[in-house]
Amino acid sequence: MDLSHTADEDRFRARARAWLRTHVPDPPLPSLETREGFAAHRAWEAELAAGRWSVVSWPERYGGRDADVFRWLAFEEEYYAAGAPGRVSQNGIHLLAPTLFDHGTEEQRARVLPPMATGETVWAQAWSEPESGSDLASLTSRAVRTDGGWLLSGQKTWSSRAAFADRAFGIFRSDPGADRPHLGLTYLMFDLRAPGVTVRPVGRLDGRPAFAEIFLDEVFVPDEDVIGEPGQGWRIAMSTTGNERGLMLRSPGRFLAAAGRLLRLWRATGEDRGVRDRVADAVIGARAYQLFTAGGAARCAAGGTIGAESSLNKLFWSRYDLALHETALDLLGPEGELDGDGEWGEGYVFSLAGPIYAGTDEIQRDIVAERLLGLPKGRR
Ligand SMILES: Cc1cc2nc3c(=O)[nH]c(=O)nc-3n(C[C@H](O)[C@H](O)[C@H](O)COP(=O)(O)OP(=O)(O)OC[C@H]3O[C@@H](n4cnc5c(N)ncnc54)[C@H](O)[C@@H]3O)c2cc1C
């Protein structure tokens with residue numbers, strides 16, 4: 001694996017760093033899980049897009065810079081090192097956009113991607129249902145054929161940022177008589193403010209109201225908002241989950257920056273509180289993840305794919321994030337209890353959910369055992 005940078009990559013990184021230095025908001029924006037913070041983060045997406053830094057890996061015609069995966073990784077390192085805000089558009093950018101690149105029509109890409117890049121349309125992921133999380137294929141929300149489109153009914157839940165988002169994408173049962181639960185599902189986009197949609201916030205541990213459940217009562221969706229062929233929703237959804245677990249959702253830049261902050265905190269507290277080895281583990285872990293990801297990126301650049309290996313990434317970052325935040329709170333000692341709205345307190349609460357969202361860690365272990373290690377299927 002060749003880890004040397006090209007001159008072009010270095011120039012790209014320097015341009016990103018210079019732009020971020022003059023644009024990153026100071027003081028930081030309020031939490032994007034609140035109405036006020038959501039609006040502020042939407043405005044930040046517009047500012048990023050104006051500088052053409054919101055979707056660097058997309059083609060230029062949709063607002064990107066055609067950056068390859070190495071330049072994207074460099075951008076992410078600069079982004080987090082600069083202390084830039086969390087991305088309110090991440091579901092759209094990391095999940096829906098790759099789905100449209102692979103399975104959408106040119107009309108859909110031209111209509112959906114530019115307003116996604118500017119934050120004008122913020123997307124929510126509407127996959128989970130009250131009885132269908134890990135076993136997503138058992139979902140029961142329906143899409144019923146009607147003139148010129150589909151009528152959606154049912155309930156989706158655990159939808160991040162849905163309380164304030166504009167539109168959502170999800171899979172629906174369009175053929176209840178299909179032979180297997182994975183068949184007869186259709187992938188659709190819908191408007192969260194359409195007649196028949198009710199969005200209700202779900203209380204989180206930190207009390208912030210952006211997380212929501214979505215109730216659908218015969219919500220009309222035109223044919224133009226079906227992604228791929230009707231009935232192929234499972235295949236389409238699975239082809240893009242690797243983005244969520246793998247490279248895109250948690251890039252190494254985020255952990256390199258967090259490990260750097262932890263190191264500074266450790267130096268600043270002046271007390272060891274018995275955590276020196278854990279701080280060292282965090283720094284080494286961030287660097288190891290960076291190298292592991294670079295390996296995956298090199299394979300992708302050579303025409304390979306990430307596939308089941310994205311489950312290894314997910315297992316790593318979910319556990320790592322938790323350990324890093326626990327170490328920071330131990331360093332802060334009793335003060336940590338008062339850091340609820342601070343970066344460590346808020347980050348800790350969020351890291352508790354890491355082993356659950358993007359597919360639980362137990363499910364990822366099954367995937368690693370069966371598909372990477374070739375072990376027999378576990379009893380379900
Ligand atoms: C912060 C957060 C954000 C989220 N955002 C979204 C979102 O934006 N959109 C969305 O659609 N969903 C979202 N989710 C939902 C998330 O995808 C589900 O919570 C997750 O898939 C688990 O499903 P579940 O909660 O129904 O748990 P269950 O599937 O009921 O699982 C309960 C427990 O049983 C274990 N388990 C289940 N089946 C097996 C098995 N076969 N083998 C071993 N163990 C098993 C699980 O690992 C887990 O520990 C979010 C969740 C969280 C916590």
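**Exercise 1. Find which residues form one aromatic cluster.**

Solution. Start with the pairing rule: rings of Phe, Tyr and Trp (its six-membered ring) pair if their centres lie within 6.5 Å, and planes under 30 degrees apart count as stacked, over 60 as edge-to-face and the rest as tilted. The cluster then consists of Phe12, Trp53, Phe75, Tyr79 and Tyr80.

Before going on, a word on the model: it is predicted, so local features need pLDDT of at least 70 and side-chain atom pairs count only at pLDDT 80 or more, while totals for chains, interfaces and linings use all residues. Residues are numbered from 1 along each chain as its sequence is written, and side-chain values use heavy atoms, with hydrogens and water left out.

**Exercise 2. Classify the aromatic pair of Trp58 and Phe101, then say where its partners lie.**

Solution. Step one is the method: a pair of aromatic rings is described by the distance of the centres and the angle of the planes. The structure holds 19 aromatic pairs. For Trp58 and Phe101, the centres are 5.8 Å apart and the planes stand at 80 degrees, so this pair is edge-to-face.

Step two is location. Helices (H or I, at least four residues) and strands (E, at least two) are DSSP runs, numbered from the N terminus. Trp58 sits in the loop between helix H2 (35–50) and helix H3 (69–81), and Phe101 belongs to helix H4 (residues 90–103), so the pair ties together parts 43 residues apart in sequence.

Step three is cover. Buried means under 20% relative accessible area, exposed over 50%, and partly exposed in between (1.4 Å probe, protein chains only). Trp58 has a relative accessible area of 4% and is therefore buried, whereas Phe101, with 28%, is partly exposed.

**Exercise 3. Do the same for Trp123 and Phe169.**

Solution. With 6.4 Å centre to centre and 45 degrees between the planes, the pair of Trp123 and Phe169 is tilted. The pair links distant parts of the chain, 46 residues apart: Trp123 is in strand S1 (residues 123–125) and Phe169 in strand S4 (residues 167–173). Both Trp123 and Phe169 are buried.

**Exercise 4. Check the span of helix H3 and list its buried residues.**

Solution. The expected span of a helix is 1.5 Å times one less than its number of residues. For the 13 residues of H3 that gives 18 Å, and the end C-alpha atoms are indeed 18 Å apart, which agrees. Next comes cover: 10 of the 13 residues of H3 are buried, so the helix is mostly covered. The buried ones are Val69, Arg71, Trp72, Leu73, Ala74, Phe75, Glu76, Glu77, Glu78 and Tyr79.

**Exercise 5. Describe how the protein surrounds the ligand.**

Solution. A residue is near a molecule or strand if one of its heavy atoms lies within 4 Å of it. There are 17 residues around the ligand, and Ser128, Ser134, Trp158, Thr360 and Glu362 come nearest.

Now look for polar contacts, which are pairs of N or O atoms within 3.5 Å; within protein, one must be able to donate a hydrogen and the other to accept it, and residues adjacent in sequence count only if both atoms are side-chain atoms. Backbone N or O atoms reach nitrogen atoms of the ligand from Gln125, at 2.8 Å, and from Trp158, at 3.0 Å. The side chain of Glu362 has an N or O atom 2.7 Å from an oxygen atom of the ligand.

On its own the ligand has 970 Å² of accessible area (Shrake-Rupley method, 1.4 Å probe; for residues, only the protein chains shown count as cover). The protein covers 66% of that area. Strand S3 (149–159) and H11 are the elements that give two or more residues to the shell, and H11 gives the most, with three.

**Exercise 6. Find the backbone features of Trp158, Arg52 and Pro27.**

Solution. Trp158, found in strand S3, has a positive phi near 50 degrees although the residue is not glycine. Arg52 also has a positive phi, near 60 degrees, and is found in the loop between H2 and H3. Pro27 is joined to Asp26 by a cis peptide bond, with omega about 5 degrees. The place of Pro27 is the loop between helix H1 (7–23) and H2.
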